[in-house]
Amino acid sequence: MIAIDAQRLLGRIRELGAVGRDGEDRLIRLAASDTDKQGRDLFVGWLRQAGLDVAIDRVGNIFGIWQSPDNRELAPLLIGSHIDTVIDAGIYDGCYGVLAGLEVIETLKATGFSPSRPIAVAAFTNEEGVRYTPDMMGSLVHAGGIDAETVLAAIGTDGSVLGQELARIGYAGDREPGFLKPHAYLELHIEQGPVLERESVPIGAVENLQGISWQRITIEGVANHAGTTPMSMRNDAGHAAARIITFLLDRIKASNAPTVATVGTIRFEPNAINVIPSRAVFTIDLRDPDEQRLQAEEAALAAYLEQLATDENVTISVEQLARFEPVIFDLRIVERIEAAAKRRGLGVRRMTSGAGHDAQMLARIAPAAMIFVPSTGGISHSPREHTDDAELVAGANILLDVAAQLAK
Ligand code: HGY
Ligand code: MN
Ligand code: MN
């Protein structure tokens with residue numbers, strides 16, 4: 001059985017993982033930032049070295065395409081993920097799947113494999129959604145779920161405009177988003193959760209992905225003196241925020257459902273020790289594999305906000321930053337992943353993805369599925385993110401096997 005070049009893949013993961021570190025050695029490559037440019041430039045250099053046709057679309061999605069005169073008319077097999085990161089990230093999230101896609105193409109080329117259709121690897125813009133929302137932005141445009149103009153006008157948490165930033169870093173490409181209509185889509189990714197490691201299973205055949213709801217809550221109160229204002233006379237945006245967060249997280253913790261809720265960002269204004277906050281702004285990340293249950297939790301939160309506004313004498317506004325329903329992946333591809341693992345003597349199990357991925361957007365326009373490999377300690381979105389080399393190589397070989405079948 002052919003196999004990928006393990007040292008080349010592992011070396012590139014580490015080389016890309018060294019790009020975009022700050023003074024405290026934290027890995028930060030937020031979408032369309034200078035450090036994102038550094039990562040993009042490195043990846044495009046590898047695409048060109050591999051002799052692929054490089055195409056960049058108007059929202060900065062990067063494609064490396066292996067095609068020949070006699071197959072370029074056919075819809076390509078697309079393998080992708082992302083190389084933008086969160087703040088203080090690990091080196092595997094997204095990057096592993098993009099570099100493994102390139103590795104698969106280079107391995108197939110080197111072994112004289114002649115695909116019946118083109119094979120392309122993609123690095124999608126702004127999968128993480130940390131600087132600009134929604135997340136999975138570039139793949140959502142590619143899938144026709146949002147138009148390019150809306151995305152290019154997106155305002156970042158730093159007040160920047162995505163389209164201007166892409167132009168500034170040289171990745172406002174000329175191809176029309178969605179120009180590449182995939183025959184099928186594969187994404188290899190670290191699990192970013194505890195399941196595979198806990199069960200000592202090296203390969204996950206991902207059959208579905210949970211629904212995601214991102215909201216920004218803004219609470220308007222009245223600034224006043226912390227010492228002289230009686231508790232009964234306060235319009236305290238800070239206390240209201242604390243009550244909402246406690247309501248939501250206690251409620252989700254008490255439910256026996258797989259629902260998860262996270263408040264990852266919060267700020268007070270004027271943010272002074274002796275001033276009752278006049279404003280509180282925070283985000284809620286709510287997820288559930290069941291759409292009805294996700295809607296029920298959103299409704300329960302909305303009802304609580306309404307009642308709390310009266311209780312605390314504040315005004316509360318909600319902005320929906322992202323909302324994606326759960327996705328079911330293509331069963332035939334899931335079965336190919338399972339069969340490929342068994343052929344290589346690797347344990348495999350079907351599973352749900354807790355994290356969002358570009359695959360959930362590509363699934364709108366092509367048969368798609370994902371392959372997971374274990375995350376040590378189930379940790380991700382952290383510098384402690386880790387997957388053993390042997391597990392990384394095993395996952396890439398499964399990607400190779402399934403890609404070769406789909407491209408035959
Ligand atoms: O938020 C997510 O699940 C993904 O990492 N963007
Ligand atoms: Mn990812
Ligand atoms: Mn991520």
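**Two manganese sites and the interface between two domains**

Along the chain of this predicted model, the donors of the manganese ion (ligand 3) follow the spacing D-x34-E-x252-H. These protein donors are Asp93 (OD), Glu128, which is listed with two OE contributions, and His381 (NE2), and they lie 2.1 to 2.7 Å from the ion. The site draws on distant parts of the chain, since Glu128 is placed in the loop between strand S4 (119–123) and helix H4 (137–142), whereas His381 belongs to the loop between strand S16 (368–373) and helix H12 (389–407), the two residues being 253 residues apart.

A second metal, the manganese ion (ligand 2), is coordinated at 2.1 to 2.3 Å by His82 (NE2), Asp93 (OD) and His189 (NE2), and the spacing of its donor residues in sequence is H-x10-D-x95-H. Here too the coordination joins distant parts of the chain: Asp93 is found in the loop between strand S3 (77–81) and helix H3 (95–110), while His189, 96 residues apart from Asp93, is part of strand S5 (residues 184–190). The two sites are connected through Asp93, which bridges the manganese ion (ligand 3) and the manganese ion (ligand 2), and the separation of these two ions is 3.5 Å.

At the level of domains, the assignment divides the chain into domain 1, which is made up of two segments (6–210 + 327–406), and domain 2, which covers 211–324. The centres of domain 1 and domain 2, taken over C-alpha atoms, are separated by 33 Å, and the contact involves 16 residues from domain 1 together with 10 residues from domain 2. Between them the two domains bury about 910 Å², of which 62% is on carbon and sulfur atoms. On the side of domain 1, the residues that lose the most area to domain 2 are Thr133, Asp135 and Gln210, which together account for 56% of what that side buries.

With regard to specific interactions, the rule applied finds zero salt bridges across the interface of domain 1 and domain 2, although two residue pairs are in polar contact there, both at pLDDT 80 or more. Classified by residue type, the side of domain 1 that touches domain 2 comprises six nonpolar, seven polar and three charged residues; charged residues are thus present on that side, but no salt bridge is found across the interface.

Key. Residues numbered from 1 in each chain as written. Chains lettered and ligands numbered in written order. Predicted model: local features only at pLDDT ≥ 70, side-chain atom pairs only at ≥ 80, totals over all residues. Heavy atoms only, no water. Domains from an automatic or database assignment. Contact = heavy atoms within 4.5 Å. Buried area = accessible area lost by both parts, 1.4 Å probe. Salt bridge = Lys/Arg side-chain N within 4 Å of Asp/Glu carboxyl O. Polar contact = N/O pair within 3.5 Å; in protein donor to acceptor, adjacent residues only side chain to side chain. Nonpolar A, V, L, I, M, F, W, Y, C, P; charged D, E, K, R; others polar. Donors = N, O, S within 2.8 Å, 3.2 Å for Na, K, Ca; no water. Helix = DSSP H or I, 4+ residues; strand = E, 2+ residues; numbered from the N terminus.
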